[in-house]
Amino acid sequence: MPVEITWWGHATCTVADSGVRVLTDPLFARRLAHLRRRRGAVPTADARRADLVLISHLHADHLHVPSLERLDPGTRLLVPRGAPRAVPGLRRLTRLSVTEVAPGDVIPVGDVVVRVVPARHDGRRLPVGPHRSPALGYVVEGQARTYFAGDTGLFDSMAEEVGPIDVALLPVGGWGPHLGEGHLDAGRAAEALARLAPRSAVPVHYGTYWPIGMDAVRPHEFHAPGEEFVRIAAERVPDVAVHLLGHGESVRVGVAR
């Protein structure tokens with residue numbers, strides 16, 4: 001049975017595997033603080049349908065409480081350990097089932113298992129807040145092993161700690177003209193692909209949100225990361241099938257074990 005990946009924009013994806021729908025870092029907003037959605041419609045109600053929601057870290061473009069409030073009652077939500085303390089709005093989500101997790105945890109949901117893995121990224125709730133939570137990645141294991149990296153930089157033990165995977169959902173850009181430490185650009189994402197050696201990859205976290213009033217500032221950094229990743233990956237790891245999706249588009253990935 002193929003696994004279906006849908007990219008809704010930014011870091012928001014649906015992974016449909018073995019009858020289970022897993023949603024990553026849901027962001028259903030036209031505007032978030034100084035950011036405006038410049039490409040792709042706000043995801044439809046179908047995007048909010050999930051058995052499990054994964055939150056990679058506490059930054060507001062990944063843990064967006066108003067978007068979480070729109071999920072169906074009873075939806076299970078995995079958040080980094082300490083997140084409810086750092087983000088009081090999470091404690092208002094009494095209609096959801098919230099579980100705090102850390103690297104090494106294994107969470108069964110229906111016929112899939114989710115492994116929690118490390119990421120290298122600032123896990124604080126910015127711009128204020130002293131409380132820290134770990135930034136996380138997740139591997140959804142069913143018919144395929146699908147790695148959602150969240151936000152991360154490269155790290156030496158990446159391949160070892162993530163483990164063998166079939167599909168990689170990798171960030172390749174950001175929401176501004178400069179990427180800080182703890183991020184992947186197209187080139188570093190291709191290096192991650194070489195280390196992880198999946199069969200397939202989907203670039204995410206680019207070409208969706210951009211600061212208001214900065215449309216003419218380094219627009220290349222908004223438009224180009226996905227295509228750059230495709231080009232560099234073809235040179236570095238030609239055996240990996242890279243699927244460049246538009247907003248709301250899906251790909252079915254067959255997995256041979």
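**Exercise 1: A strand on the inside**

Work out why strand S3 (residues 20-24) is described as largely enclosed by the rest of the structure.

*Solution.* Start with the ground rules. You're looking at a predicted model, in which local features need pLDDT of at least 70 and side-chain atom pairs count only at pLDDT 80 or more, while totals for chains, interfaces and linings use all residues. Residues are numbered from 1 along each chain as its sequence is written, and side-chain values use heavy atoms, with hydrogens and water left out.

Step 1: get the words straight. Strands (E, at least two residues) and helices (H or I, at least four) are DSSP runs, numbered from the N terminus. Buried means under 20% relative accessible area, exposed means over 50%, and partly exposed is in between (1.4 Å probe, protein chains only).

Step 2: count. In S3, 5 of the 5 residues are buried, so the strand is largely enclosed by the rest of the structure.

Step 3: check both faces. Val20, Val22 and Thr24 are buried on one side, and Arg21 and Leu23 are buried on the other.

**Exercise 2: Who sits beside S3?**

Find how strand S2 (residues 12-17) runs relative to S3, and in which sense S3 pairs with strand S6 (residues 52-54).

*Solution.* Step 1: recall that strands of a sheet pair through backbone hydrogen bonds, either parallel or antiparallel. Here, two strands pair if DSSP finds at least two bridges between them.

Step 2: take S2. It's joined to S3 by 5 bridges, and the two run antiparallel. As a landmark, look for alanine 16 opposite arginine 21 of S3. S2 and S3 make a hairpin with 2 residues between them, and serine 18 in the turn has a positive phi of about 55°.

Step 3: now take S6. This pairing with S3 is parallel, over 3 bridges. Leucine 23 is the one facing valine 53 in S6.

**Exercise 3: A little open sheet**

Put the strands of the open sheet of 3 strands in order and name its edge strands.

*Solution.* Step 1: the order is S4-S5-S15, with antiparallel pairing.

Step 2: strand S4 (31-32) and strand S15 (209-211) are the edges, as each pairs on one side only.

Step 3: zoom in on S5 (residues 35-37), which makes 3 bridges with S15. Leucine 35 has proline 211 in S15 as its bridge partner.

Step 4: peek at the loop between S4 and S5, where you'll find alanine 33. That alanine has a positive phi of about 50° although it isn't a glycine. With 58% relative accessibility, alanine 33 counts as exposed.

**Exercise 4: A helix with two sides**

Check the length of helix H6 (residues 225-236), then decide which of its residues are buried.

*Solution.* Step 1: the expected span of a helix is 1.5 Å times one less than its number of residues. For the 12 residues of H6 that gives 16 Å, and the end C-alpha atoms are 16 Å apart, so the two agree.

Step 2: the buried residues in H6 are Pro225, Gly226, Phe229, Ile232 and Ala233. They cover an arc of only 130° around the axis, which puts them on the same side of H6; the arc is that of the directions from the helix axis to the C-beta atoms.

Step 3: flip to the face turned away from the buried side, and you'll meet the exposed residues Glu227 and Glu235.

Step 4: ask what the buried residues pack against. Their partners include strand S13 (167-171), helix H4 (186-196) and strand S14 (200-204).

**Exercise 5: Two histidines**

Is histidine 62 buried or exposed, and which residues does its side of the story involve?

*Solution.* Step 1: histidine 62 is in the loop between S6 and helix H1 (65-68). At 0% relative accessibility, histidine 62 counts as buried.

Step 2: leave out residues up to four places away in sequence, and histidine 62 touches, among others, His10, Asp25, Asp151 and His205. Contact here means heavy atoms within 4.5 Å.

Step 3: one of those names deserves a stop. Histidine 10 lies in the loop between strand S1 (3-9) and S2, and is buried with a relative accessible area of 2%. Phi of histidine 10 is near 50°, a positive value in a residue other than glycine.
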